[in-house]
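User: I would like to learn how to read a protein model step by step. Could you take me through the one shown here?

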Amino acid sequence: MDTQRKSKHLKTNPTIVASSSEEVSSLEWEEIAMAQEEEDLISRMYKLVGERWDLIAGRIPGRTAEEIERFWVMKNHRRSQLR
């Protein structure tokens, strides 16, 4: 009886896979299009508050903290490649 319970439990366990916890390389991200005003605001806010993406996103309607962080990383990654 115990072996049947274990085998049933083992069969259901592998289906629980935390794929959302995997990190994504910045090379796999899609580029986010920002208006020039948004870019300027992000740059100014970053100089003031640093990597507080949620605070910056609160100043830009329709943008999430994740979008802004991804935009910042992608933009700065390109700059570092050009140097």
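**Reading the helices and the core**

Analyst: Read from one end of the sequence to the other, the protein chain follows the pattern α-α-α-α, which comes from four helices and zero strands. Helices (H or I, at least four residues) and strands (E, at least two) are DSSP runs, numbered from the N terminus. This is a predicted model, in which local features need pLDDT of at least 70 and side-chain atom pairs count only at pLDDT 80 or more, while totals for chains, interfaces and linings use all residues. Residues are numbered from 1 along each chain as its sequence is written, and side-chain values use heavy atoms, with hydrogens and water left out.

User: Which helix has the lowest mean pLDDT, and which the highest?

Analyst: The term pLDDT is the predictor's confidence in each residue, from 0 to 100. Among the elements of the protein chain, helix α1 (residues 2-12) has the lowest mean, 45, and α3 the highest, 97. Over residues 4-21 pLDDT stays under 50, and the model has zero contacts there beyond four places in sequence, where contact means heavy atoms within 4.5 Å. For the protein chain the mean pLDDT is 74, and 58% of its residues reach 70 or more.

User: How is a pair of aromatic rings described, and how many aromatic pairs are there?

Analyst: A pair of aromatic rings is described by the distance of the centres and the angle of the planes. Rings of Phe, Tyr and Trp (its six-membered ring) pair if their centres lie within 6.5 Å, and planes under 30 degrees apart count as stacked, over 60 as edge-to-face and the rest as tilted. By this rule the count is three aromatic pairs. Tyr46 and Trp53 are stacked, because their ring centres are 5.7 Å apart and their planes lie at 20°. Trp53 and Trp72 form a tilted pair, with 6.3 Å from centre to centre and 45° between the planes. That pair links distant parts of the chain, since Trp53 sits in helix α3 (residues 53-57) and Trp72 in helix α4 (residues 65-82), 19 residues apart. Ring pairs thus link Tyr46, Trp53 and Trp72 into a cluster.

User: Are Tyr46, Trp53 and Trp72 buried, partly exposed or exposed?

Analyst: Buried means under 20% relative accessible area, exposed over 50%, and partly exposed in between (1.4 Å probe, protein chains only). Trp53 counts as buried because its relative accessibility is 9%, and Trp72 is buried at 13%, whereas Tyr46, at 25%, counts as partly exposed.

User: Which residues make up the largest nonpolar core, and which element gives the most to it?

Analyst: A nonpolar core is a set of buried Ala, Val, Leu, Ile, Met, Phe, Trp, Tyr and Cys residues joined through side-chain atoms within 4.5 Å. The largest one has twelve residues, among them Met34, Ile42, Trp53, Phe71 and Trp72. The elements that give two or more residues to this core are α2 (36-49), α3 and α4, and α4 gives the most, with four residues. Leaving out residues up to four places away in sequence, Met34 touches Glu39, Ile42, Arg63, Glu67, Ile68 and Phe71.

User: What can be read from α2?

Analyst: In α2, the buried residues are Glu38, Glu39, Ile42, Ser43 and Met45. After α2 comes Gly50, whose phi is positive, near 75°.
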